[in-house]
Amino acid sequence: MGQTVHLNYAADPHAVLRPYDKGVPGHIAPLAASEVGAEGWNLLREDLPLPVAVLKEGALLRNAAWMKSFVDRHEVALAPHGKTTMAPVLFDLQMRHGAWGVTVSSPHQIAAALAAGFRRLFVANQIVGRSGIRFVLDLMERDADVYIHLLVDSVENVDQIAAIALEMGIGRPLPVLVELGFAGGRTGTRTIGQGLEVARAVAQCPFLELAGVEGFEGIIRRSGMEPTLDAVRAFLADVVSLAEACDSEGLWGDGAVLLSAGGSAFFDLVVTAFSAARLAVPTTILLRSGCYVTHDSGLYRKLFAALKSREPRLFEEGGPQAALEVWSYVQSRPEPGRVIATLGKRDVSHDDMPIPELWFRPGSNMKMPVPLREGHRVVALNDQHAFLDVPEDSPLQVGDMLSVGISHPCLTFDKWRVLHVVDDNYSVLGSLCTYF
């Protein structure tokens with residue numbers, strides 16, 4: 001998995017750093033993100049104000065290549081979930097690693113992806129309401145190069161889309177997939193029979209075409225890993241059964257049928273289950289994993305340990321690496337076993353606490369950050385402060401720099417409009433902007 005491509009910062013033509021953006025030096029004039037590399041900034045030299053979020057370029061490239069190798073080996077397609085990062089520069093990296101398109105979830109995210117030039121979008125959500133539906137239909141009608149798939153899970157939603165399409169007089173049918181869900185889950189029909197009823201309504205509508213069947217297994221949880229895996233497999237089998245029922249009734253529109261699922265935890269199970277589908281039409285298995293591109297130090301590290309036990313071949317050359325780090329200062333050490341750092345809920349995800357990993361003392365003879373030994377733990381977060389329990393003989397002092405890994409990258413990316421990409425020496429290679 002060689003690092004054959006680099007980030008193209010010009011892939012986001014609208015990205016500009018401003019002096020009041022978090023993590024950006026306050027003395028700069030507005031600066032195009034594509035020009036940041038020429039500034040010569042280095043994190044360890046304290047050229048950036050903290051807290052700051054950085055992405056390790058080497059890990060990003062490795063992770064993108066790792067997922068490409070999985071997709072290529074299994075001859076499936078990937079539309080990575082853009083909501084993970086909402087960063088067009090990373091969308092571009094994923095597309096240049098063979099992605100089929102970009103997955104989004106809302107009219108706002110559709111608009112952000114289109115503004116950066118991405119034309120094939122999978123909307124892993126139902127669009128309801130007049131404004132959003134008209135927006136999507138108008139995009140499809142005005143630009144033949146825009147190709148958007150939506151999800152439906154009710155006859156009512158089908159009827160709403162059809163009524164607005166009739167009013168607009170559209171001439172190009174909108175491809176939709178029926179979503180199957182599960183009891184206690186989010187959206188999606190709760191039974192195969194309900195899903196088939198929705199599929200029939202789509203097939204009878206001249207403004208829609210049935211493009212496939214979809215489900216999302218990523219939030220299925222049981223009391224342990226094995227019961228969870230059993231529940232995931234059972235759900236995916238139901239998605240296949242719904243697709244086969246639609247196939248037996250000849251409900252599909254034109255083109256290859258999409259069978260889509262696959263968050264960042266169980267995509268291997270999706271491939272196994274969907275490959276067993278027996279349809280009379282050409283079929284594309286479409287995964288939607290997104291978090292793999294940055295990986296993390298918490299949730300996905302644990303889930304990928306389970307993945308490694310299921311698919312050891314995927315890790316023969318190593319696996320994904322955590323690319324996202326959030327750096328702050330040690331602000332206070334008011335008690336022997338307590339450190340207060342300058343990051344908080346406004347800077348990192350906190351469904352699981354961030355994980356202290358590295359430290360560095362500016363102005364010392366340290367050349368590179370050093371791993372923190374065991375016993376350093378974030379125990380609470382305020383808006384802009386982290387409370388750490390530390391060993392009484394911890395080396396941390398006021399003014400030291402502290403890096404934390406995060407759990408669940410989606411909920412850290414959305415706290416940063418600007419993230420900097422760094423090399424192994426923490427020199428800034430460029431910056432990217434997000435559009436949450």
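## A buried residue to start with

Met86 counts as buried, at 1% relative accessibility. Here, buried means under 20% relative accessible area, exposed means over 50%, and partly exposed lies in between, all with a 1.4 Å probe and protein chains only. Although Met86 is not a glycine, its phi is positive, at about 45 degrees. You will find Met86 in the loop between strand S4 (77-78) and helix H2 (88-95). Helices (H or I, at least four residues) and strands (E, at least two) are DSSP runs, numbered from the N terminus.

A word on the model itself: it is predicted, so local features need pLDDT of at least 70 and side-chain atom pairs count only at pLDDT 80 or more, while totals for chains, interfaces and linings use all residues. Residues are numbered from 1 along each chain as its sequence is written, and side-chain values use heavy atoms, with hydrogens and water left out.

## The overall fold

The protein has ten helices and 20 strands. Its radius of gyration is 23 Å, close to the 22 Å that the globule rule gives for 436 residues, so the protein is as compact as a globular protein of that length. For reference, the radius of gyration is taken over C-alpha atoms, and the globule rule is 2.2 Å times the number of residues to the power 0.38. Along the principal axes, the C-alpha atoms fill a box of roughly 70 × 50 × 40 Å.

Of the 436 residues, 57% count as buried. Among contacts with a separation of 6 or more, 74% come from residues 24 or more positions apart; a contact means heavy atoms within 4.5 Å.

## Surface and charge

About 17500 Å² of the protein is exposed, and carbon and sulfur atoms supply 50% of that area. Accessible areas come from the Shrake-Rupley method with a 1.4 Å probe, and for residues only the protein chains shown count as cover.

There are 38 positive and 50 negative side chains, and the centres of the two sets lie 3 Å apart. In this count Lys and Arg are positive and Asp and Glu negative, with His and the chain ends not counted. Each charge is placed at NZ of Lys, CZ of Arg, CG of Asp or CD of Glu.

## Helix H2 and its packing partners

Just after the loop that holds Met86 comes helix H2 (88-95). Seven of the eight residues of H2 are buried, so the helix is largely enclosed by the rest of the structure. The buried residues are Pro88, Val89, Leu90, Phe91, Asp92, Leu93 and Gln94. They pack against S3, helix H1 (57-74), strand S5 (102-104), helix H3 (107-115), helix H10 (410-413) and S20.

## Backbone details in other loops

Tyr426 is another residue other than glycine with a positive phi, near 65 degrees. Tyr426 sits in the loop between strand S19 (418-422) and strand S20 (428-433), and counts as buried at 3% relative accessibility.

The peptide bond from Leu50 to Pro51 is cis, with omega near 10 degrees. Pro51 belongs to the loop between strand S2 (31-32) and strand S3 (52-56).

## Cysteines without disulfides

The structure holds zero disulfides, a disulfide being a pair of cysteine sulfur atoms within 2.5 Å. For Cys246, the nearest cysteine sulfur is that of Cys205, 15 Å away. Cys246 is buried, with a relative accessible area of 0%.

The sulfur of Cys291 has its closest cysteine sulfur in Cys410, at 3.9 Å, which is too far for a bond. Cys291 is buried as well, with a relative accessible area of 4%.

## Three residues and their surroundings

Ser349 lies in the loop between strand S13 (338-341) and strand S14 (355-360), and counts as buried at 1% relative accessibility. Not counting residues up to four places away in sequence, Ser349 touches Pro354, Ile406, Ser407, His408, Leu411, Thr412 and Lys415. The C-alpha atoms of Ser349 and Phe413 are separated by 8.5 Å, with their positions 64 residues apart along the chain.

Asp389 is in strand S17 (residues 386-389) and is partly exposed, at 25% relative accessibility. Beyond its neighbours within four places in sequence, Asp389 is in contact with Gly337, Arg338, Gly375, His376, Arg377 and Val379. Val16, in strand S1 (residues 16-17), is partly exposed at 33%. Leaving out residues up to four places away in sequence, Val16 touches Asp21, Pro30, Leu31, Ala32, Ala33, Arg417 and Cys433.
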